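Reader: Could you take me through one part of this model in detail? I'd like the small mixed sheet and whatever packs or pins around it.

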Amino acid sequence: MAVLLHTRVRVSDLDRTIDWYCKHLGFEVLSRTDKSPAGNHIAHLELPGNDHTLEFTWSPEYELKVPEDLLHFAIGVPDLIGFCDQLERDGIEIWPEDWRASFPTGRKMAFIDDPDGYEIELLER
């Protein structure tokens, strides 16, 4: 059986991305190289307890332009309101604006954007 190992995502500033994902979402750096065979700077980040990693890639000659709604990551958290309260204290905008009122029953979800504009869907699990 095949196994999904990692997803590559281009970023505009590797250090800023690493810091943001570790500080706000709990990722940890699994590995980092400043010279891949193709000349990229690469960092693999993982959420503890997950096998799938995010491979963030930066190269000086690549100009990043992230189209709106290109893709998103979905991350499950045990307490969405508590998690989002901390993100808001950290200055991160949660959307849609009425995200708290939008789920009186059923699945709780909210969205944030990373520093490059990639969407992150937060789901209560």
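Author: Here is a walk through that sheet, followed by the helices, salt bridges and other strands around it.

A word on the ground rules: this is a predicted model, so local features need pLDDT of at least 70 and side-chain atom pairs count only at pLDDT 80 or more, while totals for chains, interfaces and linings use all residues. Residues are numbered from 1 along each chain as its sequence is written, and side-chain values use heavy atoms, with hydrogens and water left out.

Let's start with the sheet. It's an open one, with 3 strands in the order 5-7-6 and mixed pairing. Helices (H or I, at least four residues) and strands (E, at least two) are DSSP runs, numbered from the N terminus, and two strands pair if DSSP finds at least two bridges between them. Strand 5 (72–77) and strand 6 (109–113) are the edges, each pairing on one side only. On average, neighbouring strands here are turned by 25 degrees against each other, direction ignored; axes are lines fitted to C-alpha atoms, for helices over the stretch in contact, and angles run from 0 to 180 degrees between N-to-C directions.

Now zoom in on strand 5. It runs parallel to strand 7 (residues 119–124), and 6 bridges join the two. His72 has Glu119 as its bridge partner in strand 7, and Ala74 stands opposite Glu121. In a regular strand, side chains alternate between the two faces of the sheet. Strand 5 does just that: Phe73, Ile75 and Val77 point to one face and are buried, whereas His72, Ala74 and Gly76 point to the other and are not. Buried means under 20% relative accessible area, exposed over 50%, and partly exposed in between (1.4 Å probe, protein chains only).

Next up is helix 2 (residues 80–89), which packs on this sheet and touches strand 5, strand 6 and strand 7. Its direction makes about 140 degrees with that of strand 7. Contact here means heavy atoms within 4.5 Å. Leu80, Cys84 and Leu87 are the buried residues to look for in helix 2. Seen down the helix axis, the buried residues fall within an arc of 55 degrees, so they line one face of helix 2; the arc is that of the directions from the helix axis to the C-beta atoms. Those buried residues pack against helix 1 as well as strand 5, strand 6 and strand 7. Just after helix 2 comes Gly91, with a positive phi near 90 degrees.

Helix 1 (residues 14–25) has its own link to this region, through a salt bridge between Arg16 and Asp116. The N-to-O distance is 3.0 Å, and a salt bridge is a side-chain nitrogen of Lys or Arg within 4 Å of a carboxyl oxygen of Asp or Glu. Asp116 lies in the loop between strand 6 and strand 7 and Arg16 in helix 1, so the pair ties together parts that are 100 residues apart in sequence. Asp116 counts as buried at 15% relative accessibility, while Arg16 is partly exposed at 35%. Thr17 also sits in helix 1, and it's buried, with a relative accessible area of 1%. Leaving out residues up to four places away in sequence, Thr17 touches Val11, Phe56 and Asp116.

The search of the whole structure finds 8 salt bridges. One of them joins Glu55 and Arg8, with the closest N and O atoms 2.8 Å apart. Glu55 is in strand 4 (residues 53–58) and Arg8 in strand 1 (residues 6–10), so this pair ties together parts that are 47 residues apart in sequence. Glu55 is buried at 9%, whereas Arg8 is partly exposed at 43%. Asp15, Arg32 and Asp34 are linked in a salt-bridge network, in which Asp34 and Arg32 meet at 3.8 Å, N to O.

Finally, have a look at strand 3 (residues 41–46), where 6 of the 6 residues are buried. Both faces are covered, with His41, Ala43 and Leu45 on one side and Ile42, His44 and Glu46 on the other. Strand 3 pairs in the antiparallel sense with strand 2 (residues 28–33) over 5 bridges, and with strand 4 in the antiparallel sense over 5 bridges. Leu45 is the bridge partner of Val29 and also that of Leu54 in strand 4. The hairpin of strand 3 and strand 4 has 6 residues between the strands, and Gly49 there takes a positive phi near 90 degrees.
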